[in-house]
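Q: Please pick one part of this model and look at it closely. Start with the whole chain, so that the part has a setting.

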Amino acid sequence: MAKRKGSFTMTNLSPLQVERLKYQPKLPSSLASGINHLQSIEGSATQSVANQDEIKSLFKNTYGKPTVTFQTSTDSKSSELRNVGVILSGGQAPGGHNVIAGLYDALKQANPSNNLYGFLGGPSGIIEGKYVEFNDEFINDYRNTGGFDIIGSGRTKLETEEQFQSAWEVCKKLNISAVVIIGGDDSNTNAALLAEWFVAHNAGIQVIGCPKTIDGDLKNEQIEISFGFDTATKTYGELIGNIQRDANSAKKYWHFIKIMGRSASHVALEAALQTQPNITLISEEVEQRKMSLSSIIDYMTDIIVKRSEMGKNFGIAVIPEGLIEFVPELKSMIANLNDIMPSLEKDSKYSNGTDAEKIAIIENSLSSENSSVFKSLPALIKSQLLMDRDPHGNVQVSKIETEKLLISMIETKLSELKKLGKYSGKFSTQSHFFGYEGRCAFPSNFDADYCYSLGFNAFALINFGLTGYLSSVRNLTEPANDWIAGGVPLTMMMNMERRHGEMKPVIKKALVELDGPVFKKLEANREDWALNDRYLFPGAIQYFGPSSVCDITTVTLQLESQAKLASV
Ligand code: FBP
């Protein structure tokens, strides 16, 4: 067993760390009544969101289970001795430590002899048998803190027979009868596969997932929001607000701000609603309206020119991280690039070539249409497209400086307009990328409470003998006391999608819905925000003070919950 590397001491903690360690997260009233005083109320049998026959045949043992909701019980439930393992999977999201703290507290409350093991470095920890055993002192150092450093995270995919077999061996050695996987849509897809495999092999090991990701794309009818989205978007909101003040004070720069969030634009959209910048691009809209790169440039340039005519040579543009994958001609070019890269990389002429040589080879290897798109890009972007692929062999869009691509193309457009006498302003720019700044922030009170509840609730699901469920806490716009805790079968969220040329069962990713209330709010206001500065300044996340400031949820959650209420 890996030894714990020293703990924090009160002398090397910041004043905020000291205070946050004392914060007691709130629980839904059902869970607060005690882990041994719960009853589980079953809903009706469920089915997957699509491709029911295929999903059912792939998940013979775990398909169709009912949703469950926990309520307080006057009876006391005895709890058998349990050893549980926990894994943090994928990108960091604020609140992960509190999921583990909630899980630990529930497990110890159920039976002080229960043990919690943390697998190190993500899913590879359970395959390689790398783990730590938690105790009070260990957990206490991490309560209400950001980051995943308590046990680390990783992106190893848990999906093969050999990996499942190794995980089983490790669990047998530690007498682990349940594993909690804290992750996004991919990690929870793997949790569903592992749960099914364990049942099929009579392993006697339950698997429970917890919905994590700052991207906000793991949500559906049953899961209102993934944890981390609240804190991350508030952090970006603060930063954008500060930049807006600066821009409005100096009145000399256009700030182009790319915001993390992978494919979906939920993070950019939420940050925009919190701050009301002059321009917000939404990838899903670009795709649905089939907007070409030049039409995006025209849209942005038009606003820049109009503001300049009003004497405002400054502004703020918010750009979602995944934009280029949604612009039709770039999407096609990137797909072509992803296809030709594996064979090019095996060719020494390409792999030993200089950047310029590689670019020339690529231009000759792409289809003629895709090649002309590639040729039209600035040199910087061409080089970024040559960088290392992700583990699936795809271009890493987070490394493409879309904000700089847009700036450079707008500069070209504006100089053309200048020559035609249609623009006489100044276009001076600053570019930013906000992502990592928000992933490990101290969790907001919302995320601190939500995550602690998710972890506590995960143990309740284990205690009721369930497997293949996602820990679910709903009714999140109400005070924590009124939150509804329960579980949703992972298979209920699945459909079949093409991955690496094969149809695979996966949890459906939620993209921004253009007919949903959140996008509609942007759409209704963006013309006004473009020209008339309606900047909002959310400021830093507040942990202490009036509830109206400290306990607010995201605009996204509020609008979605209002729309849900209005529809019933
Ligand atoms: P998850 O989907 O695993 O939660 O990761 C989210 C994310 O932060 C994305 O927004 C971003 O594109 C990606 O991780 C960056 O990955 P990395 O941490 O490997 O740089």
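**The chain, then one helix**

A: The chain carries 57 positive and 65 negative side chains, and the centres of these two sets are 3 Å apart. Here Lys and Arg count as positive and Asp and Glu as negative, while His and the chain ends are not counted; a charge is placed at NZ of Lys, CZ of Arg, CG of Asp or CD of Glu.

The model is predicted, so local features need pLDDT of at least 70 and side-chain atom pairs count only at pLDDT 80 or more, whereas totals for chains, interfaces and linings use all residues. Residues are numbered from 1 along each chain as its sequence is written, and side-chain values use heavy atoms, with hydrogens and water left out.

The chain has 24 helices and 15 strands. These are DSSP runs numbered from the N terminus: H or I with at least four residues for a helix, E with at least two for a strand. Along the principal axes, the C-alpha atoms fill a box of roughly 80 × 60 × 55 Å. The radius of gyration is 25 Å, which agrees with the value near 24 Å for a compact globule of 568 residues. That radius is taken over C-alpha atoms, and the globule rule is 2.2 Å times the number of residues to the power 0.38.

Of the 568 residues, 56% count as buried. Buried means under 20% relative accessible area, exposed means over 50%, and partly exposed is in between (1.4 Å probe, protein chains only). The accessible surface of the chain is about 23300 Å², with 49% of it belonging to carbon and sulfur atoms. Such areas come from the Shrake-Rupley method with a 1.4 Å probe, and for residues only the protein chains shown count as cover.

Contacts say how the chain folds back on itself. Among contacts between residues at least 6 apart in sequence, 78% join residues at least 24 apart; a contact means heavy atoms within 4.5 Å. The chain is divided into domain 1 (10-228 + 443-499) and domain 2 (230-439 + 516-547), with bounds from an automatic or database domain assignment. Their contact takes 20 residues from domain 1 and 18 residues from domain 2. The C-alpha centres of the two domains lie 35 Å apart.

Now the part itself, helix α10 (266-275). Ten of its ten residues are buried, so α10 is largely enclosed by the rest of the structure. The buried residues are His266, Val267, Ala268, Leu269, Glu270, Ala271, Ala272, Leu273, Gln274 and Thr275. Both helices and strands help to cover them. The cover includes the helices α9 (229-250), α22 (517-531) and α24 (555-567), together with the strands β8 (254-259), β9 and β10 (315-320).

What follows α10 is Gln276, whose phi is positive, near 60°. Gln276 is not a glycine. Most residues other than glycine have a negative phi. Gln276 sits in the loop that runs from α10 to β9 (279-280). With a relative accessible area of 14%, Gln276 is buried.

Asn51 can be set beside Gln276. Asn51 is not a glycine, yet has a positive phi of about 50°. Its place is the loop between β1 (38-45) and α3 (52-58). Asn51 is partly exposed, at a relative accessible area of 26%.

Another helix offers a second view of buried residues. Leu174 belongs to helix α7 (residues 161-174), and so does Cys171. Leu174 is buried at a relative accessible area of 8%, and Cys171 is buried at 1%. Leaving aside neighbours within four places in sequence, Leu174 is in contact with Asn83, Tyr117, Phe119 and Tyr131. With neighbours left out in that way, Cys171 is in contact with Ile126, Ile176, Val179 and Ile205.

Distance along the chain and distance in space are separate things. Cys171 and Asn83 are 88 residues apart along the chain, and their C-alpha atoms are separated by 9.1 Å. Leu174 and Thr301 are 127 residues apart in sequence and 61 Å apart from C-alpha to C-alpha.
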